[in-house]
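Where in this protein is there empty space, and what surrounds it? The paragraphs below go through the internal spaces and then one helix.

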Amino acid sequence: MAIHSLQHPEPATQRTLLIAGADDGQRTFLAGQLDGDGHTVYEADRAAAVIAKLSSHPVDVLILGDLEKPFAATALLRSVRASRHPRVHPGLPIITLGAGDELATLRAYESGSDHHLPAGTGYVLLRAVIATVIRRVLEETAVRHLYAGAIDVDLTAKTVTVAGTPVHVSRLEFELLAKFAGEPTRLFSKHELARCIWRGQQISHRTVDSHIARLRSRLTAAGAGQVLITRWGQGWALTTPH
């Protein structure tokens, strides 16, 4: 890295970042700079460790460098965008670091990078790119968190907590809860939920009922109280419907 001694003003907003790369020196340097700017920073040096961190922490931006094998970073990026990891949001903002030639840059963008930089890019430029990506991808999209009572649905990290306690849900259960939490007192019919969540797939008559029953059980066990209230013949609402 070329820039070590410049003094930088504090960034306007602190975020949670994951720096991934096999180059220990580059990773440690970037982590130190970002930590000094007030961000929460995690590190990973292998593809499996990246997915583990993303699955267990609410990361705002992934900075993805070259990993343990050639094209491992590209493969990981494609797998995230293809929703192959249930607890990792496919829309996670990702900045890639790697070779700066046209072909490498093209591959990065085709794989789903939000912004690609040569591996030797100085910290000042990287920090500006992080701010730009956050502004474009996070702050111009829908609100990240949905709240309903003690329930917190994190749309970016795809996590659910009840009064701060993590609740483990399946991908379909998460999509159902996000749908309900967006309008917690509205009644959703079985037909509407099947159309929105299963997207035209052929499902049995009891599929929606069983998923809601399991989701209700998980939430109430975590202390959410009376949720996913049934109005017979009409549907369900997350909290007391109008």
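**Cavities, a pocket and helix α4**

The second largest cavity is lined by Pro 86, Arg 87, Lys 158, Val 169, Ser 170, Arg 171 and Phe 174. The model in view is a predicted one. The space in this second largest cavity comes to about 40 Å³. Sorted by class, its lining holds 3 nonpolar, 1 polar and 3 charged residues.

A search of the whole structure turns up 2 cavities of 30 Å³ or more. The largest cavity has a volume of about 50 Å³. Its lining is made up of Leu 54, His 57, Val 59, Arg 87, Val 88, His 89, Leu 92, Thr 156 and Ala 157. Arg 87 thus appears in the lining of the largest cavity and also in that of the second largest cavity. In the lining of the largest cavity, 5 residues are nonpolar, 3 are polar and 1 is charged.

Open spaces are treated separately from the cavities. The second largest pocket contains about 340 Å³ of space. It is lined by 20 residues, and those closest to its centre are Asp 66, Phe 71, Ala 73, Thr 74 and Gly 98. Three elements, α3 (72-81), β4 (94-98) and α4 (102-111), each give at least two residues to the lining of this pocket. By class, the pocket lining divides into 11 nonpolar, 6 polar and 3 charged residues.

One of these elements, α4, can be followed from its start to its end. At its N-terminal end, α4 is capped by Asp 101, with a side-chain oxygen 3.2 Å from the backbone nitrogen of Leu 103. Which residues of α4 are buried? They are Ala 104, Ala 108 and Ser 111. Because these residues cover an arc of only 70° around the axis, they lie on the same side of α4. The buried residues of α4 pack against α3, β4 and β5 (115-118). Two of those partners, α3 and β4, also supply residues to the lining of the second largest pocket, as α4 does.

The face of α4 turned away from the buried side carries Glu 102 and Glu 110, which are exposed. Just after the helix, Gly 112 adopts a positive phi of about 120°.

Note on methods. Residues are numbered from 1 along each chain as its sequence is written. This is a predicted model: local features need pLDDT of at least 70, side-chain atom pairs count only at pLDDT 80 or more; totals for chains, interfaces and linings use all residues. Side-chain values use heavy atoms; hydrogens and water are left out. On a 1 Å grid over the protein atoms alone, a cavity is a set of points where a 1.4 Å probe fits but cannot get out, and a pocket is an open set with protein on both sides within 12 Å along at least five of seven lines; lining residues have an atom within 4 Å of a point. Grid points are joined across faces, edges and corners, and a volume is the space filled by probe spheres set on the points. Helices (H or I, at least four residues) and strands (E, at least two) are DSSP runs, numbered from the N terminus. Ala, Val, Leu, Ile, Met, Phe, Trp, Tyr, Cys and Pro count as nonpolar, Asp, Glu, Lys and Arg as charged, and the others, Gly among them, as polar. Buried means under 20% relative accessible area, exposed over 50%, partly exposed in between (1.4 Å probe, protein chains only). The arc is that of the directions from the helix axis to the C-beta atoms. Contact means heavy atoms within 4.5 Å. A polar contact is a pair of N or O atoms within 3.5 Å; within protein, one must be able to donate a hydrogen and the other to accept it, and residues adjacent in sequence count only if both atoms are side-chain atoms.
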